[in-house]
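Trainee: Could you walk me through this structure? I want to see how each label is earned.

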Amino acid sequence: MAPPEENSQVSEESMASEPDSRPISNIVIIIAMQTEALPLVNRFELQEDLDSTFPKGVPWVRYFGTYKDLNINLMWPGKDKALGVDSVGTISASLVTYASIQALQPDLIINAGTAGGFKAKGAGIGDIFLASDVAFHDRRIPIPVFDMYGVGLRKACSTPKLLKTLNLKVGKLSTGDSLDMSPRDEESINANDATIKDMEGAAIAYVADLLKVPAVFVKAVTDIVDGEKPTAEEFLQNLASVTAALDQSLTEIVDFINGKCLSNL
């Protein structure tokens with residue numbers, strides 16, 4: 001018989017490897033905007049949780065249901081209580097991610113939403129990307145090592161079979177809390193070698209990495225950051241049609257995930 005310490009070590013190793021070898025059963029989809037979320041709520045026939053386990057007073061909305069062999073929880077940060085607009089950006093995203101992991105214990109997080117794309121990197125309106133890496137572009141700390149902390153580069157969950165099967169585009173994602181792009185942001189985005197930019201991804205990646213939950217990032221391009229049109233105008237013009245494309249792609253992604261373990265993605 002192995003000593004207790006040895007048994008304990010074997011047990012811990014088995015538990016550590018288990019999530020990769022058992023089918024994914026519980027996923028959390030985090031989406032920043034109601035316009036992006038509702039088509040998926042309808043597609044997966046989810047219902048709103050009216051008896052939320054989250055702290056009283058927060059605007060966060062959880063939709064839940066079962067789709068095939070998956071328990072799906074869709075989290076939307078809700079509307080800002082003072083201004084009535086979607087609670088976009090890194091602060092709401094990180095809070096919702098932390099609370100969702102604590103309460104729902106997902107096997108996988110999917111951050112889905114719209115993003116700006118760079119035509120110089122091959123992005124076009126309506127393109128669907130899976131992010132390979134995520135980083136911040138507006139946390140500038142020009143002190144050795146702190147500069148790397150500010151960028152916060154992290155790898156997304158590896159999904160080579162998913163990419164190949166669904167023929168999705170892949171690129172690096174850069175995150176900041178502004179819709180537009182200042183010259184300083186542009187420098188940082190170029191340094192990040194990003195193809196797409198959003199306002200939530202790197203914050204979600206930080207929390208998911210901290211709590212050891214794998215995360216994938218699905219982004220649909222609504223506007224061309226290095227194009228001729230003003231970002232806000234192009235974003236609003238394309239939001240509805242691109243959201244429909246995102247809905248379709250995310251459904252295909254969830255169908256692919258169903259019945260598979262992490263190592264088979």
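**Strands, burial and salt bridges**

Mentor: In β4, N71 is the bridge partner of N26. This is a predicted model, where local features need pLDDT of at least 70, side-chain atom pairs count only at pLDDT 80 or more, and totals for chains, interfaces and linings use all residues. Residues are numbered from 1 along each chain as its sequence is written, and side-chain values use heavy atoms, with hydrogens and water left out.

Trainee: What makes β1 and β4 a pair?

Mentor: Two strands pair if DSSP finds at least two bridges between them. β1 and β4 run parallel and are joined by 5 bridges, so they pass. Strands themselves are DSSP runs (E, at least two residues), and helices are runs of H or I with at least four, numbered from the N terminus.

Trainee: Why is strand β1 called largely enclosed?

Mentor: Buried means under 20% relative accessible area, exposed over 50%, partly exposed in between (1.4 Å probe, protein chains only). In β1, 5 of the 5 residues are buried, so the rest of the structure largely encloses this strand. N26, V28 and I30 point one way, I27 and I29 the other.

Trainee: Why is D255 called partly exposed?

Mentor: Its relative accessibility is 29%. That lies between 20% and 50%, so the label fits.

Trainee: How do you know that D255 and K68 form a salt bridge?

Mentor: The definition asks for a side-chain nitrogen of Lys or Arg within 4 Å of a carboxyl oxygen of Asp or Glu. Here N to O is 3.0 Å, so the pair qualifies. D255 is in helix α8 and K68 in the loop between β3 and β4, 187 residues apart.
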